Amino acid sequence: MQQKYIENFLSTLGKPLVKFIISLGELTLFVFKAVYHALVPPFYVKNFIKQALDIGFYSLPVVGLTTIFAGMVIAMQSYSGFGGVGAESMVADVVLISVTRELAPVLSALMVAGRIGAAMAAEIGTMKVTEQLDALSTLSTNPFNYLFAPRLWAGLVTLPFLVLFGDVIGIFGGYIVGVYKLGFNPANYINATLEYLQALDITTGVVKAAVFGFIIALMGCYNGYKSKGGAQGVGEATTNAVVSASILILIFNYLITEIFFAK
Amino acid sequence: MSDTKISIQNLHKSFGTKKVLDGIDLDIQKGESLVVIGGSGTGKSVLIKCIQGLLTPDEGSIKIDDVETVDAKESLKKDIYAKMGMLFQGGALFDSLCVWENVAFSLLENQKLSRWQAKMDAVRVLRQVGLAPDVADLSPSELSGGMQKRVGLARAIITKPEIIFFDEPTTGLDPIMADVINDLIVESAKGLGATTLTITHDMASARKIADRIAMLYQGKIIWQGTVKEMDKTDNPYVTQFVSGSAQGPIKVEV
């Protein structure tokens, strides 16, 4: 009797674990296959351009809005936190560092994950359940080359540009609050910002962005590719794409930060 | 060279613990139209997908023009699969492309024809399947089910494949449209001299298309013969399926 309980207990523990390990293995295989096909021809440049426009250009408003308010709120908070003597250069510095190192890459990536990761998973998932992926194969076109490689490249290439744009807008947000709300001298604020500006801050943000862009596209493609069973399956894939991309973004954000800044 | 186009031996495929194909032996002659009939969920689609290389069988051999395709090299596979065309059950048209881009997909992506040339070809084939040139610029979602099937057929035959697969070509169509599609299938296959493999459970369609009929049941081919032989056979499985009766040896799992 007792043995049976233990067996049941172990199997409830073991089943999800085995499932998890299987899906981890599937994901790893998918990553290898996707990267391989992203590096060898045929390349579908037109598809890449379309995706790059979708991910990059059409995300500009979202990223702009996100980062401008992030910059504004950081200026406000750091002023109320550090207020007093030298607040001007302190606020400029805090805004600069937090926007370029963390806020612009992470917030932009999370927004793009919601916007693009979901759309990719839905599109590819629908193609999968309506046999369009099979149709591609029967037309001698590998879905990895035709669909996934352009998306992975587009994510990898465009996110850094989005984040550079977000950097500028975010710092501008801090400037607006600093100058119009907190009454700083505009010239001093800009000088302070330029003085503290370091290449490393920008570089880490850009490296993060590239990794995040790859993660977003990868999760969108993978979850779409794995989806099955009609509308419900596609819905699940969409949710999974966004959730898994968001979590991975936060995890990799920490890992990359540790690589660059841990002493 | 023998006259056998596709030769399948001892084909097995399981999903988890469920055996879907359990030792299929099937030969299809050059230029022949073989129709595989069988109930829903008997593995008809899996059979087609194995032949097309979309699924890898667990065991067995599939030879096309005497060349083994299971576990063949990628480059060889590409050549083999370039000989094939397929009409999918739901059409499986790419909804990101317009009708003519769908039809001309292979011409644009594989043969690198100019867009103008490809469109001319697409319009010509669309006309063959009874669609007016002004359909070419529509998006697939603007078409009716019957028109989508026609576009799918046009896409399947534009490369003049040696082998064409039809996955339940008449499902979801009204009887008259179904008959029109059947005629088109026969016409285009004969026109190309192609070998065709159709899976269906629509007996009217099977009678019209088939040179030979094979019945799939529980993962095995349990009967094959011509339409005439099918009407005379005393195989209880076949007679039950053909007459569409709930009584008989085939039990429907509910």
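Let's start inside chain A of this predicted model, where helix H4(A) passes helix H7(A) in a right-handed crossing. The axes of H4(A), residues 87–129, and H7(A), residues 186–196, come within 8 Å and cross at roughly 50°. Angles under 35 degrees count as roughly parallel and those from 65 to 115 as roughly perpendicular, so a crossing at roughly 50° makes H4(A) oblique to H7(A).

Which residues meet where these two helices touch? On the H4(A) side you can find Glu88(A), Ser89(A), Ala92(A), Asp93(A) and Leu96(A). Facing them from H7(A) are Asn188(A), Tyr189(A), Ala192(A), Thr193(A) and Tyr196(A). Sorted by class, this contact has five nonpolar, three polar and two charged residues.

Now follow H4(A) to another partner, helix H8(A), which spans residues 199–226. Here the axes come within 7 Å and cross at roughly 15°. That angle makes H4(A) roughly parallel to H8(A). The crossing of H4(A) and H8(A) is right-handed. By class, the contact of H4(A) with H8(A) has 18 nonpolar, eight polar and five charged residues.

H8(A) has a further neighbour for us to visit, helix H9(A), made of residues 230–261. The axes of H8(A) and H9(A) come within 9 Å and cross at roughly 155°. Is this pair roughly parallel or roughly antiparallel? With a crossing of roughly 155°, H8(A) is roughly antiparallel to H9(A). This crossing, too, is a right-handed one. Among the residues that H8(A) brings to the contact are Val207(A), Val211(A), Phe212(A), Ile215(A) and Met219(A). H9(A) contributes residues including Ala241(A), Ala245(A), Leu248(A), Ile249(A) and Phe252(A). Taken together, the residues of this contact divide into 14 nonpolar, seven polar and two charged.

Step back and look at chain A as a whole. Chain A has nine helices and zero strands, and reading along its sequence gives the pattern α-α-α-α-α-α-α-α-α. Along the principal axes, the C-alpha atoms of chain A fill a box of roughly 70 × 60 × 35 Å.

Chain B brings us to a sheet. Six strands of chain B form an open sheet in the order E6-E7-E8-E3-E9-E10, with mixed pairing. Which strands stand at the edges of this sheet? They are E6(B), residues 84–87, and E10(B), residues 220–225; each has a single partner strand, so one side of each is left without a neighbour in the sheet. Direction ignored, neighbouring strands are turned by 20° against each other on average.

Strands of a sheet pair through backbone hydrogen bonds, either parallel or antiparallel. At one edge, E6(B) and strand E7(B), residues 163–167, run parallel and are joined by four bridges. Within this pair, Met86(B) stands opposite Phe165(B) in E7(B). Helices accompany the sheet as well. Helix H1(B), residues 44–51, packs on the sheet and touches E3(B), E7(B), E8(B) and E9(B). The direction of H1(B) makes about 155° with that of E8(B). Helix H6(B), residues 145–157, lies across E6(B) and E7(B), and runs at about 175° to E6(B).

Chain B is also divided into two domains. Domain 1 covers 1–83 + 161–254, while domain 2 covers 91–160. How far apart do the C-alpha centres of the two domains lie? The distance between these centres is 25 Å. Where the domains touch, 10 residues of domain 1 are in contact with 11 residues of domain 2. Helix H7(B), residues 175–192, supplies the largest share of the domain 1 side, five residues. That side of domain 1 has eight nonpolar, two polar and no charged residues.

Our last stop is the place where the two chains meet. The contact takes 15 residues from chain B and 10 residues from chain A. On the chain B side, the elements giving two or more residues are helix H2(B), residues 74–81, the edge strand E6(B), and helix H4(B), residues 105–109. Of these, H4(B) gives the most, with three residues. By class, the chain B side has nine nonpolar, four polar and two charged residues.

Notes:
Residues are numbered from 1 along each chain as its sequence is written. Chains are lettered from A and ligands numbered from 1 in the order in which they are written. This is a predicted model: local features need pLDDT of at least 70, side-chain atom pairs count only at pLDDT 80 or more; totals for chains, interfaces and linings use all residues. Two strands pair if DSSP finds at least two bridges between them. Axes are lines fitted to C-alpha atoms, for helices over the stretch in contact, and angles run from 0 to 180 degrees between N-to-C directions. Two residues are in contact if their C-beta atoms, placed from the backbone, lie within 7 Å. Ala, Val, Leu, Ile, Met, Phe, Trp, Tyr, Cys and Pro count as nonpolar, Asp, Glu, Lys and Arg as charged, and the others, Gly among them, as polar. Domain bounds come from an automatic or database domain assignment. Angles under 35 degrees count as roughly parallel, over 145 as roughly antiparallel, 65 to 115 as roughly perpendicular and the rest as oblique. A crossing is left-handed if the near helix is turned anticlockwise from the far one by less than a right angle, and right-handed if clockwise.
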